[in-house]
Every structure is written in C-alpha cells, then in structure tokens.
Amino acid sequence: MVSAPLLFDQYPDRALLIEGVAGSGKTTLIAREAEQCVTQGRTLLVTFSRAGRDVLQNYMRARNLEPVSNPNLHIFTIDGLAHFLLRRLGDERYVLDRQAIVSDLLPDLVSEVCQDLQASSEEDDAVMLQAPALSIDAMEKLMSDLDYYRASLAWQAESAEDEQAAFGDGLHHPPELVRAVFRRYDALRAHWKPEASEPDDTLLDPVYKPEHSKGMYGFRLVSEAAYDLLEALDNGAELPGNAAAYRYILIDEFHDTTPLQLLLLSRIGQHAHRLMAVGDRYQTIFAWRGANTELVFDAFVRDFSARRVNSLTSYRFGTELARLAGELTRRAITSGIVADTPVMVCSGSWDNAGALAPLGKQSIICRHGPDRIRAAFSLLCHAPVPIKLAWPLASTPAMGIATLLYALRFPQATTPLRTLPLALLQFLSLPGCLAPDTVRELAQARLTPINLRMYMENWIAARVPVFAPSLKHALQQWLTAPCAPDAGAAETLQAFARQADLFRNLTTPQRLLDESLLQGWEGLLMYLQLNPIAIQAWPALLTTVAARCSTRGGVPLLTVTEAKGHEYDHVLVYDTADTTFRNQTDAPDVERNRYYVACTRARKSLTLFRPARELA
C-alpha cells in the first residue's frame, strides 16, 4: 500500500472506503493522499482520538505541511471539529470536566427524574422503576448510558422497537430511566448557569477554556459537541463557510466512528468533491461507547456510493504473525516485509517468558486495567531480575486504600503522602460509601492526615449514613483500637478487609473498579507476604513501589486500548489462552478484536504468555 499510486488517481469514484489490516499503512496512505489534496483545495483530516489526531499532525509535519501555515489543511478529532464549528457559530457554552458532571450535577438531576417517574407511575398504576444508587460508580455508569444513547442515535427513534434496535443491550440501566434522564440532562445542558459569576475551575475541562467569561450559559462535554452541532443545523443554522467548502475529506480510524459522528460528517461532506475513509473492522474495541462498524461502514458506502478497497498486506510484521492475524480474522493477510516476526507461546513463570525474549526489551500488553494491575504485582514479586515498569502502580485503588488507612492510623506521621487526595477519592468510591458533598473540595485542598482523620470521624458520626454498616464498624475499630507499632501490614490490612466486608460480593465483580480493587488487593497482599513490613512502615513501601513503577522510563505496561494505534519492536501479550485472552467478559467478536489488536502491535517478535495463577 505504501508504495502504490495515489488511490484518488486510481479510482474515479467520489468516495472510497479503505479496509486495511493492522500495519497496512492506513494513516500513511491518508497522509500521502492529503499531501496531494491540499494543492487542489481545502482538505479536512479527521480521526476519532486525540492520539490519532497527533499522529496525523506528525505525518503531515514530516511532509512540511501544517495547518498553521497552510490554510488548505485542517486536522481535527471529529468531536473537536464539532466544538470548533460551534464556536464559529457563536455557541459559547462552557465545556465541563466529565468527572465534575458525574459527581456534582448528575446525582441531583437523577433524584428529580426518579421522583417524577415515581409520581407518574403511581398515577398510571404502572410498575415503578427502581432508582439507581447515587454513588460515583452508579453515576459513571449512567453517564456512559447517556453517551451510548446519544451516539447510537436512539434519541431519534420514533418507537420503542426502533429505540431498542439502536442501543441493543448496551445500557446499564432501564431504557425508561435513561430516556428520561437524557431529556432532563439535555435541558439542563442548554440552560445551566454557574452558581458564581464565573465557574470554579474544577468544573471546567482544562483543554477547552471558554473564549468569553460573562453572560454565558449552558454546558457540554466535548464528546457532546457533534450532537449539539447537528441540533443547531436542524434548527436552521448554517455551517461556517470554511466547513461547507471542504473539497476533500479524509477520515482515519473509521472503525471507531459512531453513527452520530457519521451523521455529522455526512452533513459536512455533502458537497465535498472527494471523500476517503480508512479503517479495520477488526480493530473495533469501543462498542461500549456506541461505535458500530457494520452500520457505519455500510452507511458510508450507501450515502456516498463509495467503492470498497481492501488492503490485506501488512508492512509492520512478518509472515508468522501475519498468519496468526489472518487466522484470528479469517482473512488472507500477507506480509510485505522480508524479516519474519516470530510468534512464541509460553506458560508458567516469568523466567520462562524471559528465556524466550528479554523482559527488559518487551512492551507488555494486557487485556484491560485489572489485568495490568495483576501483571505489575506479578512482575514485582516474581520477575527473574528487578524490572522497572513505566506505569504508576502506586496510584491504583488498593494502594490508595492502604495509604488512607495508614494516614488515619498515624495522623501525626511526618512523612508526606502526595497521593493522599487521590487515595481519599478511591476509598470513597468503594461500594459501601456514599461520598459526602465535601469530598471533591477536600481532595483538592491541602489534605493532611490530621484533617483527614477529623473529617472521617465526622462522617462516621453523621446522622445521614456515609458508610455501609460493616464498613462503618471497621473504620470505627481502625480509629479506636490500639495497634502495636510492629503490627504486620499484610495481617492488619486483611483484618480490616474482613471486618469491612470489602470483598464479600466481589468474587465475580461486575465493575472494572471492583475488579481493579480485587486484583490490586490480592497483588498487594502477595507482595507484602514476600516483603513483610510493619503497617507503620507503609510510606517506605509506597516509595519503593513508586520508584520501580512510574511514568519515568521502564518497560511499557499497557492496556489494549492504550496500545491501539501504536507499534512496538517486541510485544508480550499477557494472560493468553489459545487464540484469545484467558479472561473474557464481552461479546466474542469484541474479545477477538481486542486480542487481534494486542498481537498486531508487534514488529520484531510476539510472545503469548499465560502465567501460572499466583495466590496471595
């Protein structure tokens, strides 16, 4: 693909859909096409992610083309483009931080909606919906449901059947609740004003500061900009002249595009001279956020009479890995390079994996966050030689809970705990916590062990419950029971977890937070049993872990989502089984795609590693 003539020169069709395999040079192809396009007219390059946008910018910069110096070239994410065009139309809504909406705005809105639904159910003698918990986790799930409802175009449905067909089984909450919250949330977004003359900076998305600060109202997440722009166009607004005058539109990462985003791109591209979309349907791993490859690819072909062009040759890896990629996706994938990329299968210990390829040269890819936590502790405990990991393990939930417990037990300690604000937020995200309104402000203030203990004592004594009974009892015991200075950390933390029932319902966790906590807790106990310390020495352990696991150099330890769009010389895929990951919770096609993406990041070697199960 890389050395082929330009596709716009080869094919006379107005639109082209390029389905290329991993490593086939899809982004390189778009950059080459764009290099020619900008000499002939206004050219728009769009992609799904900020990382993808940055890659496109680098590719164009290597060709001495930058949007700043070339008025014919624009490079955006799809959501960033929508936000930019809304600004050009005079829309100056605040762009809020997602976490601020989840913790500060959504709980009250949900309470109002549930009261209204309950009242209408009683009047109509209908079955009442169970109101969701107002915990941070429940609100995050509901926020994801709103995103999915919007991205899948379910809000356009004219019947319950059409609505169900749009969102399928992608919601965490009942459709009636999501629909009602969606409508109330959109009304709030349109008319919201900050309580003060200017909003607290903690509410704002730091990447999208408002251009004006007075007389503004309304808010959005930048991910809601495509929806808002479509609504503005439906209400009579016209695209700014430069957006309506794009002669060429080229879309990268097309497999991650949602139906909503495609609807917007179709409006922007209706008068474009040529269009090109490139993607790989087997790299779709974002179905949870509304991406629907089959629907989007077919709609692009239908709406623009696009020609499909397949590229099944990879220039990233050699024949052996090409064969594996072909088997996973049932395509005849070939390699366009001379060197081979051996695929090595290994099980058992890290010693076995290191014997195949030095661990210090690997990039380790895990299925998701909980598996990464397990891999990190496993490497700390059992790697044949000490390895520095390029990932901050000390910031994970289990480490945060232990840090908070240490601070409560030893409030007079002088050792600084820089992660204490994060530890408080992590602790109050536990299933047994209903975070008070003061938590966000407290975590952003100069939090010390002394004032943390004061707040914790107040929360325990509060008339409105903040903690579940078992967790409240465990905290009371933790604050009042005497503790010997040399009490072992492993035994002390285990005793607290038993008293608090932290893991009673987490043997089959349903949330990533639960699973991350469970894997982290088991890994921490394993580490403490191999490296015993007193609970009073916790800061020293925290320092040791932070030194070996930080963002400042070391072996990359990545999730599939983070590795997507990148490539590495030597890749170790962690915890595999046959032709997939050992742990699977999503639909088979999503799990296949996730595994395919992980494997095809490798250039020179691929190790498929199945570790022995380690018990704390």
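**Contacts around R93, V21 and two packed helices**

Setting aside residues up to four places away in sequence, R93 touches R87, R189, A190, M216, Y217, G218, F219, R220 and D228, where contact means heavy atoms within 4.5 Å. The model is predicted, so local features need pLDDT of at least 70 and side-chain atom pairs count only at pLDDT 80 or more, while totals for chains, interfaces and linings use all residues. Residues are numbered from 1 along each chain as its sequence is written, and side-chain values use heavy atoms, with hydrogens and water left out.

R93 sits in the loop between α4 (78–88) and β4 (94–95); helices (H or I, at least four residues) and strands (E, at least two) are DSSP runs numbered from the N terminus. With a relative accessible area of 12%, R93 is buried (under 20%; exposed is over 50%, partly exposed in between; 1.4 Å probe, protein chains only). Its neighbour F219 offers a backbone oxygen, which the side chain of R93 reaches at 3.4 Å.

A second loop joins β1 (15–20) to α2 (26–37), and V21 lies in it. A "binding site" annotation from an unreviewed UniProt entry covers G20, V21, A22, G23, S24, G25, K26 and T27; such annotations may be inferred rather than shown by experiment. V21 counts as buried, because its relative accessibility is 1%. S24 is in the loop between β1 and α2 too, and is buried at a relative accessible area of 0%. The side chain of S24 reaches the backbone oxygen of V21 at 2.6 Å. Leaving aside neighbours within four places in sequence, the contacts of V21 include D280, S311, L312, R331, I333 and Y596.

Y596 leads on to a pair of helices. Helix α13 (residues 319–329) and helix α25 (residues 588–599) pack with their axes 10 Å apart, at an angle of about 170°. Axes are lines fitted to C-alpha atoms over the stretch in contact, and angles run from 0 to 180 degrees between N-to-C directions. The two helices, α13 and α25, are therefore roughly antiparallel, a term for angles over 145 degrees.

Where they meet, α13 supplies L321, L324, A325, L328 and T329, and α25 supplies R592, Y595, Y596 and C599. By class, the residues of this contact are 7 nonpolar, 1 polar and 1 charged (Ala, Val, Leu, Ile, Met, Phe, Trp, Tyr, Cys and Pro are nonpolar, Asp, Glu, Lys and Arg charged, and the others, Gly among them, polar). T329, in helix α13, is buried with a relative accessible area of 2%. Not counting residues up to four places away in sequence, T329 touches Y282 and Y596. Y596 is thus a contact of V21 and a contact of T329.

Conventions:
Polar contact = N/O pair within 3.5 Å; in protein donor to acceptor, adjacent residues only side chain to side chain. Parallel < 35°, antiparallel > 145°, perpendicular 65-115°, else oblique.
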